[in-house]
Amino acid sequence: MAQKKNNNPYKTQHFLDLKKEWYRHLENVGFKDIEEDYSDSAKACLKRWDSYYFTAKSHGSASKDLYESKRDYYYYANQFLNEAEFESETQKKIWELHSTGISIRDISKHLLENYALKMSRDRVWKILKPLQESLKSFVKARKSIMSKEDILLLRDPKEDDEAFVFATWLQQVLTNTRWRNGVDKQNFFRYREILIAILKKPTVKVTVCCLKEDPDIIVGYSVYEKTATDTTLHFVYVRSDWQRQGIARDICPKHITVITHLTKIGERIWSKMVPKPRYISIPLVYEVLENTPDYTQQRTKESEKTNGTIQTT
């Protein structure tokens with residue numbers, strides 16, 4: 001009987017061998033992985049960035065939708081704490097404790113130990129319940145009057161953004177990008193160098209979209225460059241909970257003529273663009289390294305070491 005062909009690119013023997021060698025190489029150079037160690041690379045997720053997985057796990061939320069709804073609830077609960085009027089200081093203190101996510105039992109215990117207020121769990125719940133109803137009206141009114149411009153801010157990148165950019169870009173390349181020309185082992189090992197080379201190019205610009213209230217919280221970013229002949233979009237990223245709000249359109253340049261990285265969502269958008277930008281397949285992007293002086297010098301030294309012209313101790 002003929003063996004059924006495996007159409008999953010993450011389960012081919014070539015990819016599994018590549019993954020094994022790649023992980024061994026990373027371990028040897030002391031690299032600390034930013035991803036959870038799944039056997040199926042297509043399901044890999046980041047430990048800190050762009051993933052609800054680890055935070056949700058610690059909060060007991062197996063469902064992404066459940067985690068995101070909890071996150072939004074406590075975000076608005078804190079807004080309500082700062083803007084609403086409370087009937088008493090005790091009521092405000094109870095809501096303040098509730099907005100941090102602690103249980104009713106722990107609120108009751110905290111009031112007794114720190115404020116000598118003996119209040120049963122049932123009493124705490126009766127105070128919280130009408131406040132939660134008021135929160136619903138608060139959120140509805142807030143969403144109706146606030147626009148995207150009231151919440152988000154576009155800024156230049158900071159040094160602290162580098163980890164987030166590398167983590168999310170590499171994650172998307174690994175799990176959400178179609179390798180149309182196949183995975184070349186040598187080039188796959190070099191991919192972080194590819195990103196560094198792109199970001200170091202003097203013509204490349206990064207635009208970061210963040211929260212106005214906390215500019216360190218990144219919602220999305222774009223990496224692009226403009227030359228005399230082309231406007232090239234290298235990569236655009238928007239967090240899943242902020243997608244479908246036109247953020248990618250806001251942070252991308254106008255009149256794009258070349259695209260170098262395409263996620264699966266990006267491919268659908270690209271297919272509908274008129275006029276359609278030229279797509280340079282991922283393996284061809286490695287050519288940017290050959291025109292980078294720092295990289296050329298580094299490769300020359302490596303070649304000399306390989307040929308025995310440089311002695312190492």
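Visitor: Hi! Which residue in strand 4 is the bridge partner of Glu225?
Guide: Hello! In this predicted model, Glu225 has Thr232 of strand 4 as its bridge partner.

Visitor: And how do strand 3 and strand 4 pair, parallel or antiparallel?
Guide: Antiparallel: strand 3 (residues 218-226) and strand 4 pair that way over 7 bridges. A hairpin of 4 residues connects strand 3 to strand 4.

Visitor: What about strand 5, how does that run against strand 4?
Guide: Strand 5 (residues 258-259) runs parallel to strand 4, with 2 bridges joining them. One of the partnerships is Leu233 with Ile259 in strand 5.

Visitor: How many residues of strand 4 are buried?
Guide: Strand 4 covers residues 231-238, and 7 of its 8 residues are buried.

Visitor: I'm looking at His261. Where does it lie?
Guide: His261 is in the loop between strand 5 and helix 12 (264-272).

Visitor: Buried or exposed, and why does His261 count that way?
Guide: His261 counts as buried because its relative accessibility is 7%, and the cut-off for buried is under 20%.

Visitor: Which side chain makes a polar contact with the side chain of His261?
Guide: That would be the side chain of Thr260, at 3.0 Å. There is also a backbone partner: the oxygen of His234 sits 2.9 Å from a polar atom of the His261 side chain.

Visitor: Switching topic: which residues touch the most other members in the largest nonpolar core?
Guide: Phe80, Ile94, Trp95, Ile107 and Leu135 do, in a core of 18 residues. Helix 3 (64-83), helix 4, helix 5 (104-115) and helix 6 (121-145) each contribute at least two residues to this core. Helix 6 gives the most, with 7 residues.

Visitor: What is Phe80 in contact with, leaving aside its neighbours within four places in sequence?
Guide: Phe80 is in contact with Phe86, Trp95, Leu131, Ser134, Leu135 and Phe138. Apart from that core there is another one of 17 residues, including Trp169, Tyr191, Ile194 and Tyr221.

Visitor: Any backbone oddities? Which peptide bond is cis?
Guide: The bond from Val274 to Pro275 is cis, and its omega is near -5°. Pro275 lies in the loop between helix 12 and strand 6 (278-279).

Visitor: What is phi of Arg244 near?
Guide: Phi of Arg244 is near 65°, a positive value in a residue other than glycine. Arg244 lies in the loop between strand 4 and helix 11 (247-251), and at 86% relative accessibility it counts as exposed. His255 also has a positive phi, about 55°, although it is not a glycine. His255 is placed in the loop between helix 11 and strand 5, and its 72% relative accessibility makes it exposed.

Visitor: Now the confidence. Where is it lowest, and where highest?
Guide: Helix 15 (residues 293-306) is lowest, with a mean pLDDT of 47, and helix 4 (residues 89-99) is highest, at 94. The chain averages 76, and 69% of the residues score at least 70.

Visitor: Which residues have pLDDT under 50?
Guide: One stretch is residues 288-296, for which the model has 16 contacts beyond four places in sequence. Residues 305-313 are also below 50, with 5 contacts beyond near neighbours in sequence. Where pLDDT is low, the predicted coordinates should not be read in detail.

Visitor: Last one: how many helices and strands does the chain have?
Guide: The chain has 15 helices and 6 strands. Of its 313 residues, 37% count as buried.

Definitions and conventions. Residues numbered from 1 in each chain as written. Predicted model: local features only at pLDDT ≥ 70, side-chain atom pairs only at ≥ 80, totals over all residues. Heavy atoms only, no water. pLDDT = per-residue confidence, 0-100. Contact = heavy atoms within 4.5 Å. Buried < 20%, exposed > 50% of the residue type's maximum accessible area, 1.4 Å probe, protein only. Pairing = 2+ DSSP bridges. Polar contact = N/O pair within 3.5 Å; in protein donor to acceptor, adjacent residues only side chain to side chain. Core = buried A, V, L, I, M, F, W, Y, C linked by side-chain atoms within 4.5 Å.
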